Each structure stands twice: as C-alpha cells, then as structure tokens.
Amino acid sequence: MSVDIGTLSEMSTPAQQARLVLLHDRQGKVLALLPPSRMLDLTSVAKLYGRELQAARVDDAQRFFTQPGLQTEAGQAKLLSLPLLLDSSLGEMPLRCNELHSGLCFTLSSVPTHDQVSRGQVSCDPATSGVGSAGLDDATVITRAVERFTSLRVQQRLEDTLGLPGLSQTMRKIVMLRSDPEAGVDELVPVVKLDPSLSAQVMGWASSPYYAAPGRVRSIEDAIIRVLGFDLVINLALGVAMGQVLRLPEDTPRGTVPYWEQAVYTATLSEKLARSIPLERRPRPGLAYLAGLLHNFGYLVLGHLFPPHFSRLSRHIEANPQLEQSLIEQEVLHVTREQVGGWLLESWKLPAEVSVAVRYQHEPGFEGEHTEYARLLYLASRLLRQHGMSAGPAGPLPDEVMQELGLQQADLEQAMLVLKADAEGLSQLSDLFSGSVS
C-alpha cells in the first residue's frame with residue numbers, strides 16, 4: 001500500500017476540505033471521506049458497499065482517533081490501510097481530512113493504492129431536500145410524508161387518520177387555563193385536585209431539592225401557592241401531558257442529551273432570557289418556558305408516525321453531527337419535527353405563542369406574529385449547544401437576533417451561568433418528568 005501524507009506547506013495546490021467518518025459493522029471498521037457540508041447517506045453506502053454500516057459512537061470515535069500513533073504520518077498511513085469510501089463529489093487531491101469528534105486533521109496527497117478503496121456517491125446535499133415542498137402548508141407536507149412512508153392513505157381529517165391520542169379532560173382544562181390571561185391559582189387548584197396522578201406529580205415537584213421549599217409541603221394549595229406558582233404548575237402539567245400522549249422512541253441517536261433533560265434546560269433558559277428582555281418588549285416568561293419545554297415535542301411525533309424508519313433516521317443523525325437535524329429529517333422522512341410538532345400543538349389549541357415558537361425555532365429570518373418566542377428558542381438552543389447541553393451542531397449566536405430581542409451578550413452569559421449553577425437540580429427535575437412519562 002502507498003499513501004502520501006503531508007503538510008499543507010508541502011502541497012503545490014490548495015487542499016480541499018473533507019470530513020473523515022468512522023463507520024463499522026460486525027465485519028469491522030470502514031472509513032468514509034466526503035465534503036463537510038454534505039450529508040453521509042447510509043442507504044447509498046449500503047447500496048455501494050453491500051454492508052449495513054453505521055457511524056461509530058461519539059466516545060468510541062474519540063478514543064479511536066486520539067490514539068497517540070495517529071498523530072504521526074506513519075500512523076495516519078496505517079489508518080488509511082482500512083477500507084475506504086471516497087465520495088464521488090470530492091474533487092482532486094490533496095484532501096485536508098478532518099474528524100469532528102477528536103480534532104484529528106491531516107492532509108492526504110494521494111489516494112491509497114490498496115484494493116479496498118471504493119469511490120461512489122455516498123452523500124447528498126441536504127439543502128435541496130425540501131425544495132419539493134416549498135410553499136406547501138405543513139398539513140400537506142405531513143400528509144405526503146405519511147402516505148409515502150406508511151400504509152396510511154389520508155382521506156379524512158389528518159389528526160384522525162394518524163391515530164394520535166387526544167388530551168385528557170383534565171389536560172383540556174389546563175390548556176384552557178393556560179390560554180386565559182385572567183386565570184389564576186383559584187381556578188387551577190380544583191383542576192389539579194380532581195386528577196390523582198397530577199396531584200402526586202405537583203407534590204413531587206414542590207418537594208424536589210431544586211425548589212428547596214422551606215418546611216414540609218402539606219397540600220396542593222401549599223405546593224402551588226407557596227412553592228411553585230400558577231405558571232410553573234400549569235407548564236409542567238402540560239409538559240407531562242404531552243409526554244404521556246406519546247412515548248419516547250426506543251432507538252434514539254446514541255450519545256445525545258436525554259429528551260427530558262434537554263427540555264428542562266431549554267425551558268429554564270428560555271424563561272431566564274425572556275426575563276432579561278426590557279419590560280416594554282418582554283414576552284410572557286411563562287409561555288417562553290412552555291415553548292422551551294415542548295420545543296422538541298415533534299421528535300416524539302416522528303417516532304409515533306414512522307416507527308419502521310426511526311432507526312434509520314437515528315443512524316443518519318449519528319453519522320452527520322455537523323448538520324441541523326431538521327435537514328437530515330427532511331432528507332430521510334421529507335418532514336421535520338418542527339413541522340409536525342408545531343402543527344399538532346396548534347391543532348390541540350395550545351397558545352399560538354407556543355406553536356409558532358416550536359414551528360419556527362430554527363428559522364431566525366421568520367417574520368410573523370409571536371416571532372419573539374421563536375427567536376428566544378433559537379438563542380436558547382444554540383447557547384445550550386455551545387455548552388454540550390442540547391443536541392445539534394454548535395455555532396455562533398447571531399448579533400441581529402439578540403438585537404431584535406433587546407438582549408446583550410452579557411445577558412446570555414449571565415443566564416447561562418445561573419443555569420449551569422442549577423444544573424444538578426434541573427437534572428433531578430428532569431428525572432421527575434422521566435419517571436412520570438414512559
């Protein structure tokens with residue numbers, strides 16, 4: 001085998017950037033090289049290579065690529081003796097090879113000459129995957145995806161056809177109270193008392209170490225009035241209700257932040273950021289919290305709608321950590337969690353602020369009513385990603401989004417500082433959610 005490994009200064013032509021991915025199956029390891037902006041398509045890999053490969057776990061990839069020997073040219077040459085898939089969209093040599101999880105970087109000046117090098121189209125451009133649905137309303141996009149990937153043929157109301165369970169009578173009352181700006185504790189306490197499960201959860205929340213209530217919590221009234229408050233109880237109740245309607249998918253992407261932990265972090269940070277906005281333009285902090293708690297609800301809906309395809313989606317998310325998950329969902333399922341989540345929350349008559357925020361949380365250019373709630377989720381999500389507390393690629397926080405909300409960088413840093421100080425208590429709170437939701 002012959003492989004030329006060199007430094008950039010040794011190259012006569014500029015090196016093209018390439019992403020190095022470690023794949024594996026029971027037969028062993030395989031390397032893939034493709035442009036960083038493109039999505040590694042595991043279905044195309046299987047067709048080209050005849051093996052059902054998947055990306056290595058993040059911790060496994062880190063251990064593998066941080067071996068001391070791989071910091072040398074000889075070690076890198078040995079690495080490239082593994083079976084290698086070269087995406088056909090790569091240009092000519094040299095290639096500047098980067099591995100995302102370990103930071104390993106080296107320049108490949110020629111293609112390995114061993115007989116286990118395969119070249120073919122194993123990537124796609126996720127930016128073009130949603131072109132066919134541009135201009136269509138979300139219900140139409142969801143209907144097309146359901147008909148394409150399931151045996152269902154949607155011929156009546158979409159929400160009826162999909163077999164999605166509705167909210168309980170108690171939760172419908174909670175939704176009505178949440179939407180009523182005049183509602184208060186006096187209306188909430190009787191509703192909570194009528195539902196034994198909700199009553200037990202409220203008492204559990206109020207007694208949790210995170211809220212550190214002085215003295216013993218003796219009653220529902222005590223829990224709501226003295227410890228939790230109207231907004232928090234109603235938001236937590238709705239969060240649990242959503243989770244009880246739809247189960248957490250079983251085959252989720254490996255190495256990601258747990259669902260409820262991410263939900264509690266996002267809710268808490270969204271509320272803190274909302275309270276930092278100048279009073280005259282401040283969104284309602286309680287609704288910002290609820291939007292954060294339900295920001296990933298569409299993920300549960302995707303697991304419910306497309307169970308045979310959810311494992312495939314999870315493997316593609318693992319293989320493409322540099323891409324927004326919505327781009328991968330659009331490519332694999334032709335619909336995103338934001339579309340189905342926003343649509344369902346709207347059909348269940350949750351406050352429009354919440355459904356709009358969930359639907360447009362990754363579109364900072366969105367203009368419309370309640371845009372401030374979507375921008376809050378956008379900032380909260382990306383700030384959490386920078387600290388490894390939310391799933392998705394980390395990136396810079398746009399100054400224009402902060403300016404539109406009236407926030408400064410110092411506001412974000414302070415909110416994040418407070419949240420990290422509360423992280424242990426918030427994790428305990430997320431455990432309470434996990435324990436009440438299957």
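**Exercise 1. Find where His334 lies, and decide what is unusual about its backbone.**

Solution. Begin with the location: His334 lies in the loop between helix H15 (325-333) and H16. The structure is a predicted model, and each step here is read from its atoms. The next step is the backbone angle, and His334 has a positive phi of about 70° although it is not a glycine. Most residues other than glycine have a negative phi. The last step is the surface: His334 counts as partly exposed because its relative accessibility is 25%, and the partly exposed class lies between under 20% for buried and over 50% for exposed.

**Exercise 2. Carry out the steps of Exercise 1 for His370, and state whether this residue is buried or exposed.**

Solution. The place of His370 is the loop between helix H17 (352-359) and helix H18 (371-386). Its phi is near 70°, which is a positive value in a residue other than glycine. For the surface step, His370 has a relative accessible area of 15%, so it is buried, given that buried means under 20%.

**Exercise 3. Determine which residues are joined by a cis peptide bond, and place the proline in the chain.**

Solution. The bond in question joins Met93 and Pro94, and its omega is about 5°. Pro94 itself sits in the loop that runs between strand S6 (84-87) and strand S7 (95-98). As background to this step, most peptide bonds are trans.

**Exercise 4. Work out which parts of the chain are linked by the salt bridge of Lys193 and Glu221, and how exposed each partner is.**

Solution. Side chains of opposite charge can pair when their charged atoms come close. Here the side chains of Lys193 and Glu221 meet in a salt bridge, with a distance of 2.4 Å from N to O. This pair links distant parts of the chain, since Lys193 belongs to helix H7 and Glu221 to helix H9 (residues 220-228), with their positions 28 residues apart in the count. Turning to the surface, Lys193 counts as partly exposed because its relative accessibility is 46%, and Glu221 is also put in the partly exposed class, at 28%. A search of the whole structure finds 16 salt bridges.

**Exercise 5. Explain how Arg315 and Glu318 are placed with respect to each other, and name the network they belong to.**

Solution. Arg315 forms a salt bridge with Glu318, and the closest N and O atoms are 2.8 Å apart. Both residues are in helix H14 (residues 307-319), and because they are 3 residues apart, about one helical turn separates them. Both Arg315 and Glu318 are buried. Finally, a network of salt bridges links Asp251, Arg254, Arg315 and Glu318.

**Exercise 6. For the salt bridge of Arg375 and Glu367, decide which partner is buried and which is exposed.**

Solution. The closest N and O atoms of Arg375 and Glu367 are 3.3 Å apart in this salt bridge. Arg375 has a relative accessible area of 4%, so it is buried, whereas Glu367 counts as exposed because its relative accessibility is 61%.

**Exercise 7. Find the polar partners of the side chains of Asn296 and Gln339.**

Solution. Asn296 is found in the loop between helix H12 (285-293) and helix H13 (297-305), and it counts as buried because its relative accessibility is 9%. Its side chain makes a polar contact with the side chain of Arg337, at 2.8 Å. Gln339 lies in helix H16 (residues 337-347) and is buried, with a relative accessible area of 8%. A polar atom of the side chain of Gln339 lies 3.0 Å from the backbone nitrogen of Thr336.

**Exercise 8. Compare separation along the chain with separation in space for Asp231 and Gly286.**

Solution. Asp231 lies in helix H10 (residues 230-245) and counts as partly exposed, at 33% relative accessibility. In sequence Asp231 and Gly286 are 55 residues apart, while in space their C-alpha atoms are 5.6 Å apart.

**Exercise 9. Identify the residues that form a negative surface patch, and locate Glu187.**

Solution. The negative patch is formed by Asp180, Glu182, Asp186 and Glu187. Among them, Glu187 is found in helix H7 (residues 185-193), and it is partly exposed, with a relative accessible area of 40%.

Notes. Residues numbered from 1 in each chain as written. Predicted model: local features only at pLDDT ≥ 70, side-chain atom pairs only at ≥ 80, totals over all residues. Heavy atoms only, no water. Patch = residues over 30% accessible without salt bridge, like charges linked within 9 Å, V, L, I, M, F, W, Y side chains within 5 Å. Areas by Shrake-Rupley, 256 points an atom, 1.4 Å probe, with all protein chains shown as cover. Salt bridge = Lys/Arg side-chain N within 4 Å of Asp/Glu carboxyl O. Lys, Arg positive; Asp, Glu negative; His and termini not counted. Charge placed at Lys NZ, Arg CZ, Asp CG, Glu CD. Helix = DSSP H or I, 4+ residues; strand = E, 2+ residues; numbered from the N terminus. Buried < 20%, exposed > 50% of the residue type's maximum accessible area, 1.4 Å probe, protein only. Polar contact = N/O pair within 3.5 Å; in protein donor to acceptor, adjacent residues only side chain to side chain.
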